[in-house]
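The following exercises ask the reader to work through a protein structure step by step. Each task is followed by a worked solution.

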Amino acid sequence: MKATINLKAGGYMLVSDLKTIKMHKKTNVSEKIISVDNLDDFYIDRDRSYSFIGKNNVALKGEDILAVEFCQ
């Protein structure tokens with residue numbers, strides 16, 4: 001699975017062999033770890049930070065993410 005993360009500032013980042021996405025905790029909301037088997041639970045919250053973990057790792061603030069595309 002690959003994740004293409006489109007950035008609001010322009011451009012994109014690619015994560016190869018995506019394993020998990022970590023949605024870091026924020027006030028009154030606990031951390032959430034999403035596997036490639038339950039991507040339906042993924043959403044972009046501008047007030048959270050995200051770690052996309054795979055062959056390479058990318059960490060971003062939600063406010064910097066425009067869209068994320070998942071593909072095989």
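Two strands are said to pair if DSSP finds at least two bridges between them. The model examined here is predicted.

**Exercise 1. Describe the secondary structure and overall dimensions of the protein chain.**

Step 1. The elements are counted: the protein chain has seven strands and zero helices. Read from the N terminus, their order is β-β-β-β-β-β-β.

Step 2. The extent is considered. The C-alpha trace spans about 35 × 30 × 20 Å along its principal axes.

Step 3. The radius of gyration is compared with an expected value. A compact globule of 72 residues would have a radius of gyration near 11 Å, and the protein chain has 11 Å, so the two agree.

Step 4. The surface is assessed. The accessible surface comes to about 4600 Å², and 47% of this belongs to carbon and sulfur atoms. Of the 72 residues, 29% count as buried.

Step 5. Contacts along the sequence are considered. Among contacts between residues at least 6 apart in sequence, 48% join residues at least 24 apart.

**Exercise 2. Determine the arrangement of the sheet that contains β1, and identify its edge strands.**

Step 1. The partners of β1 are found. Strand β1 (residues 2-7) and strand β2 (residues 12-15) pair in the antiparallel sense over four bridges. Strand β1 also pairs with strand β7 (residues 65-71), again in the antiparallel sense, over six bridges.

Step 2. Individual residues are matched. Ala 3 has Val 15 in β2 as its bridge partner. Towards β7, Lys 2 stands opposite Cys 71, and Thr 4 stands opposite Glu 69.

Step 3. The connection is examined. Four residues lie between β1 and β2, which form a hairpin. In the turn, Gly 10 has a positive phi of about 105°.

Step 4. The strands are placed in order. The result is an open sheet of three strands, β2-β1-β7, with antiparallel pairing. Because β2 and β7 each have a single partner strand, they stand at the edges, and one side of each is left without a neighbour in the sheet. On average, neighbouring strands of this sheet are turned by 15° against each other, direction ignored.

**Exercise 3. Determine the order of strands in the other sheet.**

Step 1. One pair is examined. Strands β5 and β6 pair in the antiparallel sense over five bridges, and Ile 53 stands opposite Asn 57 in β6.

Step 2. The full order is written down. Four strands form an open sheet in the order β4-β3-β5-β6, with antiparallel pairing. Here β4 and β6 (57-61) stand at the edges with a single partner strand each, so one side of each lacks a neighbour in the sheet. The twist averages 15° from one strand to the next.

Step 3. A general principle is recalled. Strands of a sheet pair through backbone hydrogen bonds, either parallel or antiparallel.

**Exercise 4. Is Asp 45 buried or exposed, and which residues does Asp 45 contact?**

Step 1. The position is located. Asp 45 lies in the loop between β4 (32-35) and β5 (49-53).

Step 2. The accessible area is compared with the cut-off. A residue counts as buried under 20% relative accessible area. Asp 45 has 14% and is therefore buried.

Step 3. The polar partners are listed. The side chain of Asp 45 makes a polar contact with the side chain of Lys 26 (2.8 Å). A polar atom of the Asp 45 side chain also lies 2.9 Å from the backbone nitrogen of Asp 47.

Step 4. The contacts are completed. When neighbours within four places in sequence are left aside, Asp 45 is in contact with Lys 26, Tyr 50 and Gly 62.

Definitions and conventions
Residues are numbered from 1 along each chain as its sequence is written. This is a predicted model: local features need pLDDT of at least 70, side-chain atom pairs count only at pLDDT 80 or more; totals for chains, interfaces and linings use all residues. Side-chain values use heavy atoms; hydrogens and water are left out. Helices (H or I, at least four residues) and strands (E, at least two) are DSSP runs, numbered from the N terminus. Axes are lines fitted to C-alpha atoms, for helices over the stretch in contact, and angles run from 0 to 180 degrees between N-to-C directions. The radius of gyration is taken over C-alpha atoms; the globule rule is 2.2 Å times the number of residues to the power 0.38. Buried means under 20% relative accessible area, exposed over 50%, partly exposed in between (1.4 Å probe, protein chains only). Contact means heavy atoms within 4.5 Å. Accessible areas come from the Shrake-Rupley method with a 1.4 Å probe; for residues, only the protein chains shown count as cover. A polar contact is a pair of N or O atoms within 3.5 Å; within protein, one must be able to donate a hydrogen and the other to accept it, and residues adjacent in sequence count only if both atoms are side-chain atoms.
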